[in-house]
Amino acid sequence: MKSWWRLGLALAFLIALAVGIPAAIAQQVPNPDTLIEATAGDTDTLDPIHAYDTASGEIIFQIYENLIRYKGPSLKEFEPELATSWTVSPDGMTYTFTIRSGVTFHEGGTLTPEDVEYSFERIMIHSHPDSPAWIILEDLLGVYDLQELADAGKSDAEICQMVQNAVTVEGDKVIFHLAAPSATFLARIAHGASWGAIEDKEWVIAQGGWPGTCDNWRDYYYMEKENLPLHTKANGTGPFKLERWTPEVETVLVANDTYWAGAIQKVRRVVRQIVNEYSTRKLMLEKGDADIIYVPRQYTHEVEGTPGVRTIKYLPALVNEAAFFNYAIPVEGNPNIGSGQLDGQGIPGDFFTDIHVRKGFNYCFDWDRFINEVYLGEAAQSHGPIPSSLPYFNPAQETYHFDPEQAAAELKQAWGGQLWEKGMKFTLLYNAGNETRRVAAEIIEGCIESLNPNFSIEVRGEPWPTYLDNFRGRRLPIFIIGWLADFPDPHNFVHPYMHSHGAFAYRQRLSVIANYDELIETAAKEVNEAKRQALYYELQKKAYEDAIDIFLDDSLGRNWQRCWVDGYSYNPMWPGLNYYILGKKADGRPQIELIQSVYPTVQMDEWCE
């Protein structure tokens, strides 16, 4: 037997040389049918109607499908997925989709137009402020929460009927009736958006989901994620099925052999491991125990040159980050703000309503250090909520700059001089494993504490789901978090950052200091480009003048992978990796030419020999 084993190695070696594959790598592709991704930050929920974070979105992206998807790396072109075609009425108010036949859900159900109708009606009924329901509600009903209709005098029966009238079925077609024309409707529902995922109506109801009727819809309105029937379950039509989710440990997916677009012939199993320690992830990549890992940008030089590793860099990212001030921090039972008073042992719940506090914190942030230390220069200071890659970004918008003296001058004026005299004390948290946010928090801590011995900030990391719960419970005095576009339009950035119903603005209670709702809604509906630009420029100006947040970075992305990873491609609207297109083989190659055809500045470095 040993002789045959040696002969096999010799043949493999010769074959590798013949086809130009480095022999050292040709013999070292472990678990060729299993892809292992090691990252930081676990899934928050598996229910598509509530998932509103990239960690959850990446898993849902593999399991569920939408009516349409982006065509390759493009942000402008769409192609059919669970719909085979679609039409738009001349007035832009009606979208009609023909639903694909012969599609089976993982649990055995058959896709029907009624499943599509139910999926969109279910998320509208959910209407939870922590969820992405507003994205659907805004276009279909012209509101951000069903309670707005109740406040306008509609009865529960009328509200439910409006939900059911917004999405209707005619034969093999599903028809969406919009409240107003929308230039972004297709982008809002394309694959990558968990809120557009199509569910099996009968199966969801059997799990305890909304029964699709109007008599008790309020029982399913604002339901907390832990009570949602699909919080830990999944049943989609996608190429991968959920095997198990072990919180803070791993998520395991297996191939769907009845996938309508063709059974998976590449990796048959995916393990997404939660490894918050970067040093552990790095060792896993070096040893080949992980195929793809998350590398904080400041550690790039530690990984560059690693044998058998490549990086795809300068990936355009429709994402930015900010440190958000909380304007109405709950005091009772909140350990993050000490005494809850302006007495040197804490801060009051309305601490950041004083503009001198906000300006002082802005002048205390060192962007040069942050961008160089965290991103190694592969980023720029944000000019406000709109990233530079989108239309109507204002490159001339004034920004804050690092100036400790000016920071001190502002803080001396805060709270009528009491802050400087009495001091402050609070905890600044970040999600553990996210080195970008750790550094940002420590920059704030270091500068603020250097100004006055009575200023004290404790920086501490906590697991992503815990951090997310504290964010949603508004218990964080400052929360550092990023926004990945739901759809590629400036409205999808000013809304979460500045609208009273926005994902961030709502949680920080921005409306306590300012209300930009009318300006945001006018900009979203404006069709004249010059007028729309003026409106978005005005919003960016107001964000600066009111110092609503510390806008951090406008960055580029990277992907780190072993050289045996094959088929990698990229779209800024994907919440993470697209496992379906990935494989593992000795001569693995990314689809770099395809990526560069849309994003020519993307580059690749590899150390594969």
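This section describes salt bridges and strand pairing in a predicted model.

The predicted structure contains 36 salt bridges in total. Side chains of opposite charge can pair when their charged atoms come close. One of these contacts links the side chains of Arg244 and Glu250, with a nitrogen-to-oxygen distance of 2.6 Å. The two partners differ in their surroundings: Arg244 is partly exposed, at a relative accessible area of 34%, whereas Glu250 has a relative accessibility of 15% and is therefore classed as buried, the cut-off for that class being under 20%.

Two further salt bridges are found within helices. In helix H13, which spans residues 367–375, Glu373 and Arg369 are four residues apart, or about one turn of the helix. Their closest N and O atoms lie 3.0 Å from each other, and the pair forms a salt bridge. Glu373 is partly exposed, with a relative accessible area of 32%, and Arg369 is likewise counted as partly exposed, at 36%.

The second helical example involves Glu442 and Arg438, whose side chains meet in a salt bridge at 2.8 Å, N to O. Both residues belong to helix H16 (residues 435–451), and because they are four residues apart there, about one helical turn separates them. Glu442 is partly exposed, with 29% relative accessible area, while Arg438, at 18%, is buried. Elsewhere, Asp44, Lys225, Asp469 and Arg472 are joined into one network by salt bridges that share partners.

Attention now turns to strand E17. This strand covers residues 549–562, and 13 of its 14 residues are buried, so the strand is largely enclosed by the rest of the structure. Strand E17 pairs with several other strands, among them E11, which comprises residues 292–293 and is joined to E17 by two bridges in an antiparallel arrangement. Within this pairing, Ile293 has Trp560 of E17 as its bridge partner.

Strand E12, formed by residues 309–325, also runs antiparallel to E17, and 12 bridges connect the two. At one position in E17, Leu556 stands opposite Pro316. A further antiparallel pairing, over three bridges, is made between E17 and strand E13 (residues 379–381). Here Gln381 stands opposite Asp553 of E17.

Terms used. Residues numbered from 1 in each chain as written. Predicted model: local features only at pLDDT ≥ 70, side-chain atom pairs only at ≥ 80, totals over all residues. Heavy atoms only, no water. Salt bridge = Lys/Arg side-chain N within 4 Å of Asp/Glu carboxyl O. Buried < 20%, exposed > 50% of the residue type's maximum accessible area, 1.4 Å probe, protein only. Pairing = 2+ DSSP bridges.
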